[in-house]
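Take a look at the model below. The questions after it ask how each label was earned.

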Amino acid sequence: MLGNVLPASIGDAVNKIPYNSLCELRLRANSPAIVNILGENYYLTPNSLTKNMDSALTISKGEIYSILNKISNNSMYTINDQMLEGYVTISGGIRVGVCGELVVVDGKLKTLKNVSSLNFRFPHLFKNCSLNIYPYIVRNGEVKNTLIVSPPGAGKTTYLRDLVYQLSTKEDMKNILIVDERNEISSVFDGENTKCLKNCDIYTNCSKQFGFVNGIRSMKPDILITDEINIDTDIGIIENALTSGVKVITTIHASSIMDLKNKPNFQTILDKQMFERFVVLSASNGIGTLEGIFNENLKLIGV
């Protein structure tokens, strides 16, 4: 895994960690490498994980750029647009966060230089992890418009992937459209839709605007699934989908219902009852801890 991207010392050490427990690999120039295992951070050493930074592997700025060159197949301009979004998605749905100096020309963000940090986030497919929320989302074959809420790294995308799998197998006569903006959902199924999923159509590496508007018009989905909405920019396309008879399941960053209510424009979503279910996750007792399931009025209906 990542053997053709990472420096040999880092790659060999990472390969000794069971993939299902590996959440993140954080590399900072001239600093110790850090891995996140099931929500807890450790320094990475050649043969073990430790809380002692003295024995940790380090990486140079040159090696940071070597990684980027390998990710881009030695054509950095090909990943520039992704880098401007703060990340690059690579094979297997692994998202590589990129941090450095922004280059702004005439008030417009043009590129990122002096890259100093990379954060690899490893996606996982945990089949059946969403079964505890499934009965609240699907009743007698009717799918509820659902918003999955969690802070970063607490399992919302993992739940979303399993919901895709569950819906595609249990509701296999419904047409499912996946708008996979960051290529993190479908690629976890090895990019082979027919291998694990039924009746799913997938847009990858496309904007939500394109996926929602063109997808509804051309693919006639019953259910539309996407990840990480932005309330400020996405309310219009979500409302259009709902008023077109399409069910929507998606996610948002927030640590609680209170945080969600404090987001600008969330009251519009609540007033219009755009979502019938709100599923709140945390990492309080491990990644994917279910804190509660709420109805369209934010009344607790399950935990």
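Q: Which element supplies the largest share of the lining of the largest pocket?
A: Helix α5 does, with five residues. Helices (H or I, at least four residues) and strands (E, at least two) are DSSP runs, numbered from the N terminus. Both α5 (156–170) and β1 (22–28) supply at least two residues of that lining.

Q: What kind of model is this, and how are its residues numbered?
A: This is a predicted model: local features need pLDDT of at least 70, side-chain atom pairs count only at pLDDT 80 or more, and totals for chains, interfaces and linings use all residues. Residues are numbered from 1 along each chain as its sequence is written, and side-chain values use heavy atoms, with hydrogens and water left out.

Q: What makes a space a pocket, and what makes a residue part of its lining?
A: The search runs on a 1 Å grid over the protein atoms alone. A cavity is a set of points where a 1.4 Å probe fits but cannot get out. A pocket is an open set with protein on both sides within 12 Å along at least five of seven lines. Lining residues have an atom within 4 Å of a point. Here 28 residues line the largest pocket, with F122, G153, G155, T158 and I287 nearest its centre. Its volume is about 510 Å³.

Q: Why does C23 form no disulfide with C129?
A: A disulfide needs a pair of cysteine sulfur atoms within 2.5 Å. The closest cysteine sulfur to that of C23 is in C129, 13 Å away, so it is too far for a bond. The structure holds zero disulfides.

Q: Why are C23 and C200 called buried or exposed?
A: Buried means under 20% relative accessible area, exposed over 50%, partly exposed in between (1.4 Å probe, protein chains only). C23 has 15% and C200 has 5%. Both values call for the label buried.

Q: How do you know that E24 and R26 form a salt bridge?
A: The rule asks for a side-chain nitrogen of Lys or Arg within 4 Å of a carboxyl oxygen of Asp or Glu. The closest N and O atoms of E24 and R26 are 3.2 Å apart, so the pair qualifies. E24 is buried at 18%, while R26 is partly exposed at 29%.

Q: What makes K208 and E181 a salt bridge, and where do they lie?
A: Their N to O distance is 2.4 Å, which meets the rule. K208 sits in helix α7 and E181 in the loop between β13 (176–180) and α6 (193–196), 27 residues apart. K208 is buried at 5%, and E181 is partly exposed at 25%.

Q: How many salt bridges does the structure hold?
A: Eleven. One of them joins E276 and K247, with closest N and O atoms 3.8 Å apart. E276 lies in the loop between α10 (266–271) and β17 (277–282), K247 in strand β16 (residues 247–253), so the bridge ties together parts 29 residues apart in sequence.

Q: What is notable about phi in D106?
A: Phi is near 55 degrees, a positive value in a residue other than glycine. Most residues other than glycine have a negative phi. D106 is found in the loop between β8 and β9 (108–121). At 78%, D106 counts as exposed.

Notes. Points joined across faces, edges and corners; volume = space filled by probe spheres on them.
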